[in-house]
Amino acid sequence: MFEMKIDDARYWKNCVDAIVSLVDEGTFNIAKEGITLKAMDPSGISMVSFSIPNKAFSKYEVEKPAQIGLNLDNLSKILSTARQNEQLLMKDAGNKLHIEFISTDSKNRRRYKLPIIDVRKDAEKEPNIGFESKVEVKSDALREILKDANLLSTYISFKTDKESFMIAAKGDAGELEEEHNGNTEAIKKLEITKPSSATFNLEYLERIIGAAPAESSVHLSLKTEEPLKIDYKVGDAVLAYFLAPYMSE
Amino acid sequence: MFEMKIDDARYWKNCVDAIVSLVDEGTFNIAKEGITLKAMDPSGISMVSFSIPNKAFSKYEVEKPAQIGLNLDNLSKILSTARQNEQLLMKDAGNKLHIEFISTDSKNRRRYKLPIIDVRKDAEKEPNIGFESKVEVKSDALREILKDANLLSTYISFKTDKESFMIAAKGDAGELEEEHNGNTEAIKKLEITKPSSATFNLEYLERIIGAAPAESSVHLSLKTEEPLKIDYKVGDAVLAYFLAPYMSE
Amino acid sequence: MFEMKIDDARYWKNCVDAIVSLVDEGTFNIAKEGITLKAMDPSGISMVSFSIPNKAFSKYEVEKPAQIGLNLDNLSKILSTARQNEQLLMKDAGNKLHIEFISTDSKNRRRYKLPIIDVRKDAEKEPNIGFESKVEVKSDALREILKDANLLSTYISFKTDKESFMIAAKGDAGELEEEHNGNTEAIKKLEITKPSSATFNLEYLERIIGAAPAESSVHLSLKTEEPLKIDYKVGDAVLAYFLAPYMSE
């Protein structure tokens, strides 16, 4: 039995959107300390690891740990009805999750019931990689970079070298090279232990970055030809993603 | 022979849009007191009854009553060219309807001729139903309610009971229940003679409500398992719709 | 060898958009005085003649005249990445065109390389027509006129007569006639040597007019049943288009 309340229903929507960008179903692990979810995307080339502490909720009562498998697409649809000044209440009730929007302005209540499902594949461990380079970049600047690259290719290469972060993309229509030196407007921090380079699927990167709040920071952790780690915060929640590199030639 | 003028061409566009949302052709009955139109939608599950008094026009001259059948889709397209500060002049000329936009700013005139057609089926009588419940709801709130339900189903159930108005929708993705007690922000008035409930096609409801002006009132009249009456005003014009209930199981 | 710089990268984008609306590849003739491009659209019913003087560039160095064939669609895509406060640098490098966006705010540089291609068909001469009527019309008003006509037909007729400019369009849904007398808000100048009339393809006209800057003037030069000349300026650049008339009946 659990019951939790969030003061801004739209905040929970933002959290779920950051998960549903990669996976359409998943299992929330509800513990006393907070909620976590780990899931691979269906293609298996990326994973998401989500965690939110109990302090993000205005009410958080968990009698005993629970695992709640949900169709996240449907959850996201329901959360998209959240309006301004609505609180969100979630509790379990048999084989359904009760979701209730409570307007702080009026006495109306909107109640949804969402079936709890068995999620086929779940609970992956995060890969353990000794990253060589870490780049902290503004979310909006990173979105622009991905958009630039997307004009020419479906892949993007990230490279770090001494004190610069470079991206490259190449296609029939032309080639793009972009160089960011440390401490420019877009790049907030560069920690390069060893120059690294790897190439990634642009569509996955765009989906992963899509839910990062505007004007926030995104951390990229790189190791040559190894999976990329992307992480950012949505309020108190932490979103970490791993994306396998594209092996060309 | 008739000739009529409206000071804001876009007002007439709003009236026609409220009709064309359900039917793509219809016959305007032009009488000395005003203009009316009654039509069934092609599927036969809904009808619209439109009436506008002569006082809504700045000029209204009708020598003898006339019946003008029109392709309302084409009329709506032409009216969509209405710009700010344009008056509208309509008159008959043989087998065509003349529509003229007159700019109050300049001396330009834009003249359209629209063929007058024979409308196949027409002139329905409004059903006579002894309604048990009447709900006055804000147009924008009703649109939100329909949108919420649309996430889960193609049908919506309306229920009234003592002093509350409830809606419900159910689909594979989950269930929705929403309860509005009288005199909340969304519900402006509730008159319940007898608790009633019926289920309706959401797409038709959305089309019917779509043309209701923002921040206006929509009246819903309900009787268990009987057609729903929806009516609202667009300026001086009155739009009344009847929608057959969905009979499940 | 050439190298040129434009202070507002988005200005060059606007120029290229006015060409790419008709043709998807073309050859820029780069001379000491400036750059020109002439091209037929693939269907052969229209042509564009573009010219921009060297004074439009903040840096303009041309060692010897060059001809640079480009896929204009790809060029336009790359230019669409131009952001506020970015300068544009273009230079040749072997069989590629280097395009570099230089942010005036930061030290970031975004470099694209675009292949130089052989353009199949090119370098047309402009037709020599003794026009009978010239109409100067506001770009936004002309766009509205085309939109009005587009509701009824895929063709539009232009007519001039003494001191008025008329347009007409006709289709199954109805007829449109619009009359503009000289010196109205939309028409800035009328020079009628001889009344003229001709009919043109609306889609081509919309594409041609689409890139005309808002609140600017467009010149239409007409001769009965002869190609229409449309010309307007984008800053210092001149765009002239010729569009063959539609011969009905």
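**Chain contacts, domain contacts and a buried threonine**

In the predicted model, 16 residues of chain A are in contact with 14 residues of chain B. On the chain A side, two elements each supply at least two of the touching residues: helix H2 (72–79) and strand S9 (109–115). S9(A) gives the largest share, with seven residues. By class, the side of chain A that touches chain B holds seven charged, five polar and four nonpolar residues.

S9(A) also takes part in strand pairing across the two chains. Its partner is strand S13 of chain B, residues 174–181. The pairing of S9(A) with S13(B) is antiparallel and runs over five bridges. Within S13(B), B:Glu177 stands opposite A:Arg111. S9(A) thus appears twice in the description of this contact: as the source of the largest share of the chain A side, and as a strand paired with S13(B).

Chain A itself is divided into two domains. Domain 1 covers residues 2–115, and domain 2 covers residues 133–243. Taken over C-alpha atoms, the centres of domain 1 and domain 2 of chain A are separated by 29 Å. The contact takes 18 residues from domain 1 of chain A and 16 residues from domain 2 of chain A. On the domain 1 side, helix H1 (9–20) and strand S4 (46–53) of chain A each supply at least two residues. The largest share, eight residues, comes from S4(A). The residues on this side of domain 1 divide into 11 nonpolar, five polar and two charged. For the side of chain A that touches chain B, the corresponding classes are four nonpolar, five polar and seven charged.

In chain C, one residue was examined individually. C:Thr160 lies in strand S11 of chain C, which spans residues 155–161. Is C:Thr160 buried or exposed? C:Thr160 has 23 other C-beta atoms within 10 Å. The cut-off for a buried residue is 20 or more, so C:Thr160 is buried.

The contacts of C:Thr160, not counting residues up to four places away in sequence, lie on both sides of it along the chain. With lower residue numbers, C:Thr160 touches C:Ser133 and C:Val135. With higher numbers, C:Thr160 touches C:Phe165, C:Ile192, C:Pro195, C:Ser196 and C:Leu222. C:Ile102 is 58 residues from C:Thr160 along the chain. The C-alpha atoms of C:Ile102 and C:Thr160 are separated by 48 Å.

Notes:
Residues numbered from 1 in each chain as written. Chains lettered and ligands numbered in written order. Predicted model: local features only at pLDDT ≥ 70, side-chain atom pairs only at ≥ 80, totals over all residues. Contact = placed C-beta atoms within 7 Å. Helix = DSSP H or I, 4+ residues; strand = E, 2+ residues; numbered from the N terminus. Nonpolar A, V, L, I, M, F, W, Y, C, P; charged D, E, K, R; others polar. Pairing = 2+ DSSP bridges. Domains from an automatic or database assignment. Buried ≥ 20, exposed ≤ 12 C-beta atoms within 10 Å, placed from the backbone.
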